Amino acid sequence: MQAVSRRLGHQYIKQSPSISSIYPLSDRYYGGERYQSTLTTKGVGHLVRKGTGGRSSVSGIVATVFGATGFLGRYLVQQLAKMGSQVLVPFRGSEDSHRHLKLMGDLGQIVPMKYDPRDENSIKAVMAKANVVINLIGREYETRNYSFEEVNHHMAEQLAMIAKEHGGIMRFIQVSCLGASLSSSSRYLKSKAAAEEAILRELPEATVMKPAVMIGTEDRILNTWAHFAKNYSFLPLIGDGSTKIQPVYVVDVASAIITALKDDGTSMGKVYELGGPDIFTVHELADLMYDVIREWPRYVKIPIPIAKAIAMPREILLKKVPFPLPSPAIFNLDLIEAFSTDTLVSGNGLKFEDLGIAPHKLKGYPVEFLIQYRKGGPQYGSTVSEKVTPQSWS
């Protein structure tokens, strides 16, 4: 029996196709020349799949997801792995930064790969065996080592150029943000718009996703507000809180990326604006947060010029002091600029509906994670909608 098994195993190895035959690389990939885009016009719909479609199946997709260790990344990796895709996870930080992702896929399907975003050869190495590239890299504030222009623009442009040279990349998806514009007063939004322009210039078949403010368990808006409100018993509102936004559930954004990835190529070369079904003012969104954590809302309205003055010292000292400064939370100068104007989906843009997705309303499950901030446990207190009086909290 053992001899038969060895013979069968030997035959299987001889007949198995090599990795290079499944995901062919350009013969001139490492030559340093520039090429025309090699993205297929069919997307990945024609890839050979095996199995029933679950995590132990083979979807045929090998995706390098840059920025996978971030907020949106964990939800995207989970959906990719759930359909039997292999996910290459480039990381530059701690070995623990990707640990939570490995549980999302079958054995060997989530492959962490250490890389240096400033080293072109390092980027080529993590992209070498991929047929899909998804870029989630983005930063809402600057640090001593990384500027908006480098993180949001130049890194994205470099990924597009390397993907063009690769020869085996079938899809390239760039995640930008709603409101990105070259004419914006926010350097963050300017750099995101410049990245979109650069990527579509290098790869006209690339797909661009522009999500609004994303809400979810690890988000950086409702968590920040709730944490501040619990610590200081009030929440500062920049301006009067009348700026309109269209927050979206992070799982819907991940689903939109997967839907575009699995189509027959109809989403290639298009830009999608991903906003939630409801429009909130900043004040209304803060009211929703207070309602879920069951605290009486207390606000301090701060005029925009004063808010900018509070945020300015960090920007001045950022490159002048020999040590890293704390990350800005509410008083982030660039986000103050971004939130000074309404950020809504345009009337003629492509939306969730064009991908066949009905986004979730925020009220309900998408904000249930905020119950962790209730000081007496999940069942503590009453909601503001039940007309709690301030005296009842004393």
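Two strands pair if DSSP finds at least two bridges between them. I looked up β5 and β6 under this rule: 3 bridges join the two strands, which run parallel. I noted that V175 has M209 of β6 as its bridge partner.

I recorded that this is a predicted model, in which local features need pLDDT of at least 70, side-chain atom pairs count only at pLDDT 80 or more, and totals for chains, interfaces and linings use all residues. Residues are numbered from 1 along each chain as its sequence is written, and side-chain values use heavy atoms, with hydrogens and water left out.

I then looked up the sheet. It is open and has 7 strands in the order β3-β2-β1-β4-β5-β6-β11, with parallel pairing. Its edge strands, β3 (110-114) and β11 (271-274), each pair on one side only. The twist averages 20° from one strand to the next.

Next I turned to helix α7, residues 187-202 (helices are DSSP runs of H or I, at least four residues; strands are runs of E, at least two; both are numbered from the N terminus). Its 16 residues should span 22 Å at 1.5 Å a residue, and its end C-alpha atoms are 22 Å apart, which agrees; the expected span is 1.5 Å times one less than the number of residues.

I listed the buried residues of α7 (under 20% relative accessible area, 1.4 Å probe, protein chains only); among them are Y188, L189, A194 and I199. The buried residues of α7 pack against α6 (148-166), β5 (171-175), β6 (207-211) and α12 (333-338), where contact means heavy atoms within 4.5 Å.

Technical notes:
Buried means under 20% relative accessible area, exposed over 50%, partly exposed in between (1.4 Å probe, protein chains only). Axes are lines fitted to C-alpha atoms, for helices over the stretch in contact, and angles run from 0 to 180 degrees between N-to-C directions.
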